[in-house]
2 protein chains.
Amino acid sequence: MQTQIEQIPGYTYGQVDPSPVSEADLDLLKQTVLFSDEDVQYLRLAGIILEDQTDAVLDVWYGFVGAHPHLARYFGKNNNLDANYLANVRRRFGKWIMDTCTRAYDQDWLNYQHEIGLRHLVKKNQTDGVDAEPIIHFRYLVAFIVPITATIKPFLASKGHSASKVEKMYAAWFKATTLTVTLWCYPYTKAGTF
Amino acid sequence: MQTQIEQIPGYTYGQVDPSPVSEADLDLLKQTVLFSDEDVQYLRLAGIILEDQTDAVLDVWYGFVGAHPHLARYFGKNNNLDANYLANVRRRFGKWIMDTCTRAYDQDWLNYQHEIGLRHLVKKNQTDGVDAEPIIHFRYLVAFIVPITATIKPFLASKGHSASKVEKMYAAWFKATTLTVTLWCYPYTKAGTF
Ligand code: HEM
Ligand code: HEM
């Protein structure tokens, strides 16, 4: 694990401040997104399927962002993209795919979700020491649930699993994405409303 | 239209304050959730299919809320449910299903989405003149994208349409739900971050 942390610049899982969200809170959130033990199992399977495809997934997501100036701008300033910034974030994004599929959703996981939320807002640019747009606007964080969910299906289906298994992995991925994005929104919300 | 407005207490579509979100903003949001003209067509078809099933859909959603005290509490105070409040909101919720499928997503629509957001937060309880929990917490608003999306599929499939058409209606519904929930979150977000 330590090796992997060192390999991805700025990836500090297990080394961040505590989340204000407790495991008891998370349990209620999981119930709300219908997240069950079966979903955990299907995320594990998705992890095995996606492991050697994360680069191809990231190509699709980055292609989508790159094709939309209103999204690409966040990776630079005044519409000048910072290629190094993009490349650094991309590695952590790839790791997030695998973390989402394979990690236990415990307090460490909660803490890192909170950190990722901060990195889209008040801590943006700090991890990579870049001079880019100061925040990512909230609206796109939630809206992104759709492309991040919808585009994953062909990758889940690409290794010959039955349609029913693909559907179950896809449903688990949808729940996991919504769960994590919900947690990332915390820093954007007014005091007492989360 | 006027007749229908009078029929549903508290439903004030077309009669609310302007949304801070413009149609130009909405256009970028639509692009972000991959919302296309095809989705509009499939929402129309979904509207035809769901029209005589809204009560059954609401039974499922209210059943889900009722089975979870951490959700049901918002329909009352100190865990005492207000049956009238529930019933009133239910009628507007049913209308929202049809509005989502059939309305043009124009400035009037944007304005009412903002109003619905306010009604989950600072304007909660005012429309029905009730004494219930003061706000619905943000986390469940976003998390609810999953149950509101996932539970609709059997209803879309219940009238013999091809699997491919059902999938397309389902995808359009997912996008529309994410879009509206995103807009509802505005009042929860810190100034300048939406
Ligand atoms: C479902 C929604 C999203 C997911 C799953 C996602 C995923 C991620 C992940 C995993 C990271 C790296 C976290 C880390 O440092 O370990 C990250 C950072 C970042 N994301 Fe997102 N993201 C989402 C929405 C967006 C949107 C809408 C944009 C804007 C186009 C965006 C732009 C960025 C940028 C610029 C960073 C680097 C932030 C920094 O300076 O540290 N993300 N994202
Ligand atoms: C995808 C998420 C959600 C959808 C689609 C949704 C839908 C709606 C709609 C259409 C209305 C009526 C709006 C009007 O007045 O015309 C409403 C109001 C209400 N919703 Fe939600 N809702 C969502 C999340 C939640 C959650 C998580 C709760 C909590 C369990 C909740 C509880 C309520 C309550 C108590 C009201 C009445 C608010 C008032 O006092 O005016 N909703 N909702």
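One good way into this predicted model is ligand 1, where an oxygen atom sits 2.6 Å from an N or O atom in the side chain of A:Arg119. Ligand 1 also carries an iron atom, and its only protein donor is A:His120, through NE2 at 2.2 Å. Chain B has its own ligand 2, with B:His120 (NE2) as the only protein donor of the iron atom, at 2.2 Å. Between chain A and chain B, about 3,500 Å² of area is buried.

**Ligand 1 and chain A**

- There are 21 residues around ligand 1, and the ones that come nearest are A:Tyr85, A:Arg92, A:Tyr112, A:Arg119 and A:His120.
- A:Tyr85 puts a side-chain N or O atom 2.5 Å from an oxygen atom of ligand 1.
- A:Arg92 does something along those lines too, with a side-chain N or O atom 2.6 Å from an oxygen atom of the ligand.
- Where does the iron donor A:His120 sit in the fold of chain A? You'll find A:His120 in helix H7.
- Helix H7 (107-120) is one of the elements that supply at least two residues each to the shell, along with helix H6 (83-102), helix H8 (138-143) and helix H11 (163-184) of chain A.
- Which element gives the most to this shell? That's H6(A), with five residues.
- By residue class, the shell around ligand 1 splits into 16 nonpolar, two polar and three charged.

**Ligand 2 and chain B**

- Ligand 2 is surrounded by 21 residues, with B:Tyr85, B:Arg92, B:Tyr112, B:Arg119 and B:His120 the closest.
- B:Tyr85 has a polar side-chain atom 2.6 Å from an oxygen atom of ligand 2.
- For B:Arg119, a side-chain N or O atom is 2.6 Å from an oxygen atom of the ligand.
- Besides being the iron donor, B:His120 places a polar side-chain atom 2.9 Å from a nitrogen atom of ligand 2.
- In chain B, the elements giving two or more residues to this shell are helix H6 (83-102), helix H7 (107-120), helix H8 (138-143) and helix H11 (163-184).
- H6(B) has the largest share of the shell, at five residues, while B:His120 belongs to helix H7 of chain B.
- The residues around ligand 2 come out as 16 nonpolar, two polar and three charged.

**Where chain A meets chain B**

- How many residues does each chain bring to the contact? Chain A brings 39 residues and chain B brings 39 residues.
- Carbon and sulfur atoms give 70% of the roughly stated total, which is about 3,500 Å².
- On the chain A side, A:Thr32, A:Arg139 and A:Val146 lose the most area to chain B, and together they make up 18% of what that side buries.
- Four salt bridges turn up across the interface of chain A and chain B.
- One salt bridge joins A:Asp25 to B:Arg139, with the closest N and O atoms 3.6 Å apart.
- Polar contacts between the two chains come to 14 residue pairs, counting pairs with both residues at pLDDT 80 or more.
- The side of chain A that touches chain B gets two or more residues from each of helix H2 (23-32), helix H5 (69-72), H8, helix H9 (145-150) and H11.
- That side of chain A is made of 22 nonpolar, 11 polar and six charged residues.

**Salt bridges in the whole structure**

- Side chains of opposite charge can pair when their charged atoms come close.
- Over all chains, the structure holds 28 salt bridges.
- Within chain A, A:Lys159 forms a salt bridge with A:Asp52, and the closest N and O atoms are 2.5 Å apart.
- This pair ties together distant parts of the chain, with the two positions 107 residues apart in numbering: A:Lys159 is in the loop between helix H10 (153-157) and H11, and A:Asp52 is in the loop between helix H3 (37-50) and helix H4 (54-66).

Notes
Residues numbered from 1 in each chain as written. Chains lettered and ligands numbered in written order. Heavy atoms only, no water. Near = heavy atom within 4 Å. Polar contact = N/O pair within 3.5 Å; in protein donor to acceptor, adjacent residues only side chain to side chain. Helix = DSSP H or I, 4+ residues; strand = E, 2+ residues; numbered from the N terminus. Nonpolar A, V, L, I, M, F, W, Y, C, P; charged D, E, K, R; others polar. Donors = N, O, S within 2.8 Å, 3.2 Å for Na, K, Ca; no water. Contact = heavy atoms within 4.5 Å. Buried area = accessible area lost by both parts, 1.4 Å probe. Salt bridge = Lys/Arg side-chain N within 4 Å of Asp/Glu carboxyl O.
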